[in-house]
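Q: Hey, I'm new to this one. Can you walk me through it?
A: Sure, let's put it up and go piece by piece.

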Amino acid sequence: MKLNELTIAGLRKLLDDREVKSREVLDAVYKRIDDIEGTVKSYITVTKDAAYRAAEDAEKAIRANKASPLTGIPVAIKDNMCTKGILTTCASKILDNFVPPYESTVTARLGGQKYLLTGKTNMDEFAMGSSTENSGFHTTRNPWNTECVPGGSSGGSAAAVAADECIAALGSDTGGSIRQPASFCGIVGLKPTYGRVSRYGLVAFASSLDQIGPLTKNVTDAAIMLNVIAGHDPLDSTSAPVEAPDFTRALGREIKGLRIGIPREYFVEGMDKDVEEAVHGAIKRLESLGAVPVEVSLPHTGYAVAAYYILATSEASSNLARYDGVKYGFRAAGKDLLEMYMNTRAQGFGAEVKRRIMLGTYALSAGYYDAYYKKAQQVRTLIKQDFDNAFSTVDVLVTPTAPSAAFRIGEKTTDPLQMYLSDIFTISINLAGVPAISIPCGFSKAGLPIGLQLIGKHFDEETVMKTAYAYEQSTEWHARRPGL
Amino acid sequence: MSAQETFGNGKYEAVIGLEVHAQMLTETKIFCGCSTKFGAEPNTQTCPVDIGMPGVLPVLNKKAVEFAIKTGLAMGCRISTYSRFARKNYFYPDLPKGYQVSQYELPICEGGHIDIVVDGAVKRIGITRIHMEEDAGKNIHESSSGNYSFVDLNRAGVPLMEIVSEPDIRTPKEAAEYMRKMRSILRYLGVCDGNMEQGSLRCDANISMRPVGQKEFGIRAELKNMNSFRFIEKALEYEINRQISVLEEGGKVVQETRLWDSAAGVTQSMRTKEEAHDYRYFPEPDLVPIEVTQEWIKGIEAGLPELPDAKRERFVSSYGIPEYDAELLTSERAISDWYERAVTAGGQPKAVSNWMMGELMRLLNEENKSLEDCLLKPEQLAGMLKLMDNGTISGKIAKTVFEEMYRGGKDADAVVKEKGLVQISDEGAIEKAIDEVLARSAKEVERYRAGDEKLIGFFVGQVMKAMKGKANPQLLNDLLKRKLQ
């Protein structure tokens, strides 16, 4: 097995036992990038020189027996997390020259452990999309089938992990943007509880929904990554003052007697047969491990997509107002201030971003606020109550991550609504703020990965991860690699 | 309704409400750690947060909340134990995020009042609400720079309170008085320096006219850019006349925002209702709601200083000075503190008041100085008053002594000794001087005795001149009259 194909846990042992050096791991990663990046296109920026410099530092720490879990581990970061001195574009032309003078809290925490930043990964522009086709630069390919999308918006991070162009990655999830690409690329993707991880330095799409999380090759690595990034941050008022446990300690705990809820609204007539089979198979497997399936109802599920596209776009319309050509980023000329604003935003933003800014602006406008934004907030409260009610009887919920396996590039670009519906199973989770993970649970007839979503109570990532780990240990899905 | 409250020959009444923006005197900005100091080089007091860089987040300054609560308590408001911030969205180069973080639906304070005194009568002006928000930066337009402008973001993120009054104000004079009282309270609390020229205290006015007796409000105009008490009065006066002429000519007042042009002395239309922004307010998702405990409110209340109204009443009752004096002496905390120190040091209350409002204010105004820069200490004024009481110096000499003390910060004793200003009450010496004057003024003495009694002033003047002003005036008068009989 090549070094770039290993997991964090696997590499940790080799590095600490001095069997390999960080730079050798980097050699393997960058060799892989050289070989396949032209096809997969996971990255926007590759930070090779900086990674080798960081590797020297990491080696010193390892030699001094001062290694932390991520010391010397090559990690890719989605290009919407600010990295000091390194281009951070959000896959948007409007930020194509933006180099932040500050570091996001999550990357600062990784940096504190002397991780190796491999590069900044591709995404849908400002995290708006489900396929990376909305990137202002290029579309990332699914490593399992390069005619297919890797999912999105964290498609670059998911593809980089699946294609072994890094060991692990960070993504962000506003309506499924970690879990859906993890599902499409056959890897593990975790969206923590809203408030578990600091958003400081994450370029905002929808502030009340955005959450950073890991994309990894297995559940253990997800726990290792979460350990590093979780916890209150005084720079983010919405990060919860809740002590983060050692998530790796939850792994290996029994799931005997665990009550797993099967929400009936997520298993509907006409759903994709491959997905239905894989997920039912997974439920059977969990049952064989001692878990007890219980049918539950989340009655307001049908309103989630509508409420989400009002709330997320409303916040986005405001969050993206700062890209006005005045202070940083792209500026188009204009004969006066208004024209400069209009030209800059017309040329700087892509079609989907503009569509969402307009939707959000409309929803917040005088006379419409009560009918749209306020109503959507009320729906959000009901959806949150659905989850609270369900969790009064079960410990964890099990659903498909996405309604289908990866779709073909271009298949949904002409129909935004079809694209929005690919997040139908993940969106409610963001509205409720609860944690959820996607893990591989099978393959479609076309050989594309299928993801299983496990949803937990607020700040109960441990039950989610313990269940995911138990399932993972009893299957081989996660060990399959794309034949790229 | 008194004549002073109506306009247009008694036909109209003005309805005025003020929106005051007060910069809070916190050390740091409302959502980041940058300094709030005024006057630094452009863009030197900024950071990624107040510049609105991608991905940064606000963290609320607790001091700003404390100041807002303090102000609310001082103005008799209800303090909300649960309030929140909202975003006010609009594009402008001095607004880095494209929205201002403000409060909208749930402000920190609601329902208070300020009492003002106009023409001797107390009037209560309601306060609708007080909310917190961040200030914007400044656009700098220089003709020399041609086709572009500069943006200074030092002010962006400085904490502001917006204090909104009820439409209870009826005259420009009341509006100015309300602002004076507002400034006085804010300065007493130490929450705002009240500098209208530098813009740390700003005022917008909503004004409409209605026929006397009508209940419904007329169509209003919003006035901006009035950066002094005088301009508030002038702009409102202008606007009252403008709106009356529109109405008298059968026209309709247009709902619009108008700018006061102090050079031209007129208000000019800036934007109409149709051009008004739709601010698309919604709750700020980057900040959690502000929850204030009763304990915290009580603690702040316990720490409130004595406010101008209470202090004025106390000055009248315990020092026996007239309302008018008390009003002036309590307008500023520094003045009232100075006054009380002088009185405590033994100065007779009314005498201290007279000297402060007369000579002291005159001298300070001449140099455009404030009491804080004054070399003269209140205890020194009390010392001088003692010398007057015991006859060491006359009132006339006291003026000279006072000015010397003011310039050099010396005690009255020292000035009197140095300049030899001790009053001469020696009858012999005064008589001698009188005799000399009368001897060389035979004509005037004759005219005086013939009934031209006004000449007494001439004789006093001559004697004083001869004695270098040091004669005890009372004694001089008595002796002179006796000798002239």
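**A chat about the model**

A: Let's begin with S104(A), which is buried, its relative accessible area being 0%. Keep in mind that this is a predicted model.

Q: Okay, where does S104(A) lie in chain A?
A: S104(A) sits in the loop between β2 (74-78) and α4 (105-112) of chain A.

Q: And which residues is S104(A) in contact with, leaving aside neighbours within four places in sequence?
A: With those set aside, S104(A) touches M81(A), C82(A), Y200(A), G201(A) and L202(A).

Q: Switching to the surface: which residues make the nonpolar patch?
A: Y362(A), Y368(A) and Y372(A) make a nonpolar surface patch of about 280 Å².

Q: Which helix does Y362(A) lie in?
A: Y362(A) is part of helix α11 of chain A, which covers residues 351-364.

Q: Why does Y362(A) count as partly exposed?
A: Because its relative accessibility is 42%, and partly exposed is the class between under 20% (buried) and over 50% (exposed).

Q: Now the two chains together. What's the area buried between chain B and chain A?
A: About 2800 Å², with carbon and sulfur atoms giving 59% of that. The contact takes 30 residues from chain B and 39 residues from chain A.

Q: Which three residues supply more than any others on the chain B side?
A: That's P54(B), F91(B) and R280(B), which supply 22% of the area that chain B buries against chain A.

Q: How many salt bridges are there across the interface of chain B and chain A?
A: The rule finds one salt bridge there. The side chains of D286(B) and R199(A) meet in a salt bridge, at 3.0 Å from N to O.

Q: Let's look inside chain B. What domains does the assignment give?
A: Domain 1 (3-299), domain 2 (306-419) and domain 3 (427-484).

Q: How far apart do domain 1 and domain 2 of chain B lie?
A: Their C-alpha centres are 36 Å apart. Their contact takes 10 residues from domain 1 of chain B and 12 residues from domain 2 of chain B.

Q: And how much do domain 1 and domain 2 of chain B bury between them?
A: About 930 Å², 48% of it on carbon and sulfur atoms. On the domain 1 side, K181(B), R187(B) and Y188(B) supply 62% of the area buried against domain 2 of chain B, more than any other three residues.

Q: How many salt bridges between those domains of chain B?
A: The count between domain 1 and domain 2 of chain B is three salt bridges. R187(B) also forms a salt bridge with E332(B), where the closest N and O atoms are 2.7 Å apart.

Terms used: Residues are numbered from 1 along each chain as its sequence is written. Chains are lettered from A and ligands numbered from 1 in the order in which they are written. This is a predicted model: local features need pLDDT of at least 70, side-chain atom pairs count only at pLDDT 80 or more; totals for chains, interfaces and linings use all residues. Side-chain values use heavy atoms; hydrogens and water are left out. Patches are made of residues with over 30% relative accessible area and no salt bridge: like charges are joined within 9 Å, nonpolar side chains (Val, Leu, Ile, Met, Phe, Trp, Tyr) within 5 Å. Accessible areas come from the Shrake-Rupley method with a 1.4 Å probe; for residues, only the protein chains shown count as cover. A salt bridge is a side-chain nitrogen of Lys or Arg within 4 Å of a carboxyl oxygen of Asp or Glu. Helices (H or I, at least four residues) and strands (E, at least two) are DSSP runs, numbered from the N terminus. Buried means under 20% relative accessible area, exposed over 50%, partly exposed in between (1.4 Å probe, protein chains only). Domain bounds come from an automatic or database domain assignment. Contact means heavy atoms within 4.5 Å. Buried area is the accessible area (1.4 Å probe) that two parts lose on being put together, summed over both.
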